[in-house]
Amino acid sequence: MKRLALVLLLLFVALPGAAHAADPAAELLARHLAWRGGPAYARLKSVHRQGQLSLGGLSGKLETWSLRDGRLREDTDLGVLRGSRAFTPKSGWSVNASGQLEDVAATDMRDARHQLALEFGEALRGHGGARAQLLPDEPRDGRSWKVVRITFSGPGDEDRYDLFLDAGSGALHGVRIREDQRTRFVRLGDWREVEGVRMAFLEEVFDEHPDGNTRTVLEQVELNAQPPAGLFERPKEAERKVRFAEGRHSTGFLPFEFFNENRVYIPAKVNGRDTQVLLDSGAEMTVVDAGYARELGLAAQGTLPAVGSGGQDRAQLAAGVDILLGDLQLKGLTVAIIDLAQVAKEIGHPLPVVLGKEAFNQLVVDVDFPNRRIAFHEPRGFQAPAGAVKVPLKESTGGMREVQISVEGRPPVPVLFDVGNGGALSLYAAYWKRAGLLEGRRHSRTLSGAVGGLQERDVAVLGTVRLAGVTFHDVPTVFDGEDQSVSSSSRNLGNLGLQVLGRFRMITDYARDTMLLVPDARAVARPFDKDRAGLALLPHGEYLEVLLVSPGSPAAAAGWKKGERVVAIDGQRVAQGYSGTPLAKWRYAPAGKQVSLTLADGTTRSLTLQDYY
């Protein structure tokens, strides 16, 4: 599971300073400067905006403060969806939809700097490492526009901002924004003069996913006002969404189901109903299955894009969800509602609720994988166990967390820490293509994903992966493509899952930006499961449907086809709950083992397992 595309980033673009006559881009930006207000714009120190924001069927209030000195504050209230963000030149914080305080990632800080550099014209003057380039004219909204691209120098800064300008007057029609491999267009209109400066009172954002489109109508714009005292200060106390039973500071250890040794299901009560919740540090919000939400009587609102490991889906929102885990209550969460029926089928286990990062933000979470138990603690007074290795757990985009791993001796790279990923490791194209990791390496194809569906992707074995001083050998790894999923990111470069993390006692402490790992010697030494058949199978009660035949695999050599149905393995009938049974491990048996598979028409085929990637 990956993050929901719910973060609202407003970009109000401003104008340049003096231009060099020999530079056509600078000439055009100079006309834009004059159009925006010339000297009045040059004196601009702050912009305070208030208005109405519409997003995915939700609407409500928006208020922003932008200051030339590098401070930015945004507050939105769409009823079920509320949030705040603040940035200063040195720090930043946000309040998520459930009211929890979070730090912001370094890349979010960089985006805020870009936003302010554009808004106050510093980037258009070439300050701060910004560069302007005139692109070919482009049509947009029924006419042709001059296009000036603004980019910023800096390590890993691939973002770009294309200004669509009128050739004669320099009037700004909108901005095409490319950040973290995703593109949106911000169309600006209803320009009005405020204290000698032209300001857009209408902003329409067109996202790659139409459900992410927004419309902002400003009601008031105030220039050069002094912001209220303390507006940008980090709140002293976040709203407490976590509560222990009276007198307690910990749940103590609770048993969990380690389904297939790649999913953590915890007994819980959700709005008073007994169920199991799937623990998922990679979920930006807690998710309730659409069918289960109806059973709970949740009032779903809006329609927003949900970006997952398999692509893009749709989500609605609901407030007022309480989750009880032993003596711990997560109170009044705002959750995403997504149809998880297909994901549950792929996992082979019911999936009513996915417990996301809200369970991690304000607590120490101690997952003792070797003993199949979990505990939640107040951070104060928690003592690290003997033998624990301290690993930095840094903020990533969307309030997620990332760790550093080293691949085959290369310099460490950031990957998402994701206990909702049942695999070992996924690497994103922004990293593995640059590093040439598939060049000369035997590889094949597999299916991976969750929210957003299953995607066909490359799979290969990495010789070594190093985490917390422990080197893992022969790690099956998925090489994600450049699709419309979280794997399109260039800010974090992969996703580390439970096939690696589950070999430790793992303790997270977000308040201290730390993960503590205690290796389990037997688990660390155990070889990784590796498919040696080449059949991607989806359970359907009493049969398995072939979704993919991996190229170069034993199944491909034997002539298997997509859509065929398997009803028995070595004479043992497939039954409901197959995924959680030892029978489902057949494809991980040693090379050379011969397996007999019975098809729906009663015929049998022999398959000799072999390494094929």
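A pocket, in the sense used on this tour, is an open set of points on a 1 Å grid with protein on both sides within 12 Å along at least five of seven lines. The model in your viewer is predicted, and the stops below go from its largest pocket to its strands and then to its salt bridges.

**The largest pocket**

Begin with the largest pocket, where about 700 Å³ of space lies. To find its middle, select Thr 107, Gly 156, Ser 490, Arg 491 and Leu 493, which are the closest to the centre of the 35 residues that line the pocket. Next colour the elements that give two or more residues to this lining, namely α3 (106-119), β10 (172-179), β27 (394-395), β28 (401-407) and α7 (429-435). Of these, α7 deserves its own colour, since the largest share of the lining, four residues, comes from α7. If you then colour the lining by class, you should find eight nonpolar, 11 polar and 16 charged residues.

**Strands β7, β8 and β9**

Now select strand β7 (residues 130-140) together with β8, and you will see an antiparallel pair joined by nine bridges. One pairing to display is that of Leu 135, whose bridge partner in β8 is Val 147. At the turn, show Asp 141, which takes a positive phi near 55° in the hairpin of β7 and β8, where two residues stand between the strands.

Add β9 to the selection, which runs antiparallel to β8 and is joined to β8 by six bridges. Here Val 148 stands opposite Leu 163 in β9, and although these two residues are 15 residues apart along the chain, their C-alpha atoms are separated by 5.2 Å.

Stay with Val 148, which has its place in strand β8. Is Val 148 buried or exposed? With a relative accessible area of 0%, Val 148 falls under the 20% limit and therefore counts as buried. To see what surrounds Val 148, leave aside residues up to four places away in sequence and display its contacts, among them Ala 25, Leu 28 and Leu 29, then Ala 132, Gln 133 and Leu 134, and finally Tyr 161, Asp 162, Leu 163 and Leu 165.

One of these contacts, Asp 162, leads to the next selection. The side chains of Asp 162 and Arg 149 meet in a salt bridge, with 2.7 Å from N to O. Because Asp 162 lies in strand β9 (residues 160-165) and Arg 149 in strand β8 (residues 143-152), the pair ties together parts that are 13 residues apart in sequence. Both Asp 162 and Arg 149 are buried.

**Strand β13 and its two partners**

Move on to strand β13 (residues 214-223), which is joined by nine bridges to the antiparallel strand β1 (residues 46-55). Strand β12 (residues 197-206) also runs antiparallel to β13, and here four bridges join the two. Centre the view on Val 217 of β13, which is the bridge partner of Gln 52 and which also has Leu 202 standing opposite.

**A six-stranded open sheet**

For the next stop, select six strands in the order β15-β25-β24-β35-β36-β26, which form an open sheet with antiparallel pairing. Its edge strands, β15 (254-255) and β26 (389-392), each pair on one side only. Within the sheet, strand β35 (residues 504-509) is joined to strand β36 (residues 514-519) by six bridges, and Ile 507 stands opposite Leu 516 in β36.

**Salt bridges elsewhere**

How many salt bridges does the model hold by the rule used here? The count comes to 47. Select Lys 331 and Asp 322, whose side chains meet at 3.2 Å, N to O; Lys 331 is partly exposed, with a relative accessible area of 29%.

Then select Asp 529 and Lys 585, which form a salt bridge at 3.8 Å, N to O. This pair links distant parts of the chain, 56 residues apart, with Asp 529 in the loop between α9 (521-525) and β37 (535-540) and Lys 585 in the loop between β40 (572-573) and β41 (594-599). Both ends are partly exposed, Asp 529 at 36% relative accessibility and Lys 585 with a relative accessible area of 31%.

End with Arg 110, Asp 111, Asp 157, Asp 159 and Arg 491, which salt bridges with shared partners join into one network. Arg 491 brings you back to the first stop, as one of the residues closest to the centre of the largest pocket.

Definitions and conventions
Residues numbered from 1 in each chain as written. Predicted model: local features only at pLDDT ≥ 70, side-chain atom pairs only at ≥ 80, totals over all residues. Heavy atoms only, no water. Pairing = 2+ DSSP bridges. Salt bridge = Lys/Arg side-chain N within 4 Å of Asp/Glu carboxyl O. Buried < 20%, exposed > 50% of the residue type's maximum accessible area, 1.4 Å probe, protein only. 1 Å grid on protein atoms, 1.4 Å probe; cavity = no way out; pocket = protein on both sides within 12 Å on 5 of 7 lines; lining within 4 Å. Points joined across faces, edges and corners; volume = space filled by probe spheres on them. Nonpolar A, V, L, I, M, F, W, Y, C, P; charged D, E, K, R; others polar. Contact = heavy atoms within 4.5 Å.
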